[in-house]
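Please read the following report beside the sequence and the coordinates. It addresses sheet pairing, nonpolar packing, cysteines and selected side chains.

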Amino acid sequence: MAGTSTRISWSNAYIDARFVVEPKDFRVDGHTIVVNPNLTPVTVGEPPVRHIPAFSSTVLVDTTIEQGDSVLLLRVLNEDTIASIVDLPGWHLFADLLPGFPRSTLLHRGPVERIGTVEFDPGIALGEDKSLGQRTFETSVNLWFAPAGTDCAIHNEHDFIEIHSQLHGYGRMQKFKQRDHSTLYEDQLMSPGHTPPVPFCRTRPDGGFTYPWHQYRADTDCVWLAVEYHAV
């Protein structure tokens, strides 16, 4: 077994998170959510040979990761009182972090950790029909929590690429034609271990990214992982 495993600093009594670089025949014990944060596939060590695609995830149980560039391994340790995760150090009501965000929306963000840099072509990564050349991105990870019934605010402003992986509970990633709930046009169900397979954004001529109007909605109490790629 090979691979450099580092425990993410915001791991806690509710969720254990590890970042493994260059896993090779790397053992995965118990129910573990495995996120592939790279453009290259991750190979699962069971026949027939199958892969975890780029920017995607699955749940593995008592098996091995045959090979990959890197993976995030997440285990939910305590689901019964997981709502108390927001009381841990470094967690904030999002309204305290973003001026103007409605305080009535009980969206909470956990600490952010940078886990390294990656290089990829954003045009290829986002499924566009053109190559834009290799760019370097700084990768960061953090957790979010929202209680059952929370609409986490329709928005379309991001200066980075992001993916979301469901860890606990059931929610939705939703897209809208306008900043209005009645204009919903896509409703992706999020269950533990799921990551929407293609980031929502497209590239802009100025090197930035264009997002549709979108939001996360929590059907139950939910915890999810955000992986962000910031151009450097």
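The report begins with the basis of the values and then takes each topic in turn.

This is a predicted model, in which local features need pLDDT of at least 70, side-chain atom pairs count only at pLDDT 80 or more, and totals for chains, interfaces and linings use all residues. Residues are numbered from 1 along each chain as its sequence is written, and side-chain values use heavy atoms, with hydrogens and water left out.

## The four-strand sheet

Strands (E, at least two residues) and helices (H or I, at least four) are DSSP runs, numbered from the N terminus. Two strands are paired if DSSP finds at least two bridges between them. An open sheet of four strands follows the order 11-17-13-14, with antiparallel pairing. Strand 11 (150–151) and strand 14 stand at the edges with a single partner strand each, so one side of each is left without a neighbour in the sheet.

Strand 13 (residues 171–176) pairs with strand 14 (residues 184–190) in the antiparallel sense over six bridges. Within strand 14, Asp187 stands opposite Gln174. Strand 13 also runs antiparallel to strand 17 (residues 213–218), to which six bridges join it. In strand 17, Ala218 is the bridge partner of Gly171, and Arg217 is that of Arg172. Five of the six residues of strand 13 are buried, where buried means under 20% relative accessible area, exposed over 50%, and partly exposed in between (1.4 Å probe, protein chains only).

## Nonpolar cores

A nonpolar core is a set of buried Ala, Val, Leu, Ile, Met, Phe, Trp, Tyr and Cys residues joined through side-chain atoms within 4.5 Å. The largest such core has 49 residues, of which Ile15, Leu72, Leu74 and Leu225 touch the most other members. Strands that each supply at least two residues of this core include strand 2 (15–36), strand 6 (70–76) and strand 18 (222–231). Strand 18 gives the most, with seven residues. Domain 1 (4–76) and domain 2 (82–231) each contribute at least three residues to this core; these bounds come from an automatic or database domain assignment.

Leu225 has contacts (heavy atoms within 4.5 Å) that include Trp10, Leu72, Leu74, Val141 and Ile163, not counting residues up to four places away in sequence. A second, separate core of eleven residues includes Val34, Val42, Val71 and Leu73.

## Cysteines

The structure holds zero disulfides, a disulfide being a pair of cysteine sulfur atoms within 2.5 Å. The closest cysteine sulfur to that of Cys152 is in Cys222, 8.3 Å away, which is too far for a bond. Cys152 counts as buried, and Cys222 is likewise buried; their relative accessibilities appear in the table below.

## Two residues of strand 2

Thr32 is found in strand 2, as is His31. Thr32 counts as buried, whereas His31 is exposed.

| Residue | Relative accessible area | Class |
|---|---|---|
| Cys152 | 6% | buried |
| Cys222 | 0% | buried |
| Thr32 | 3% | buried |
| His31 | 58% | exposed |

Not counting residues up to four places away in sequence, Thr32 touches Thr58, Val59, Leu60, Leu73, Leu74 and Arg75. With the same exclusion, His31 touches Val59, Leu60, Val61 and Arg75. His31 and Val42 lie eleven residues apart in sequence and 17 Å apart in space, C-alpha to C-alpha.
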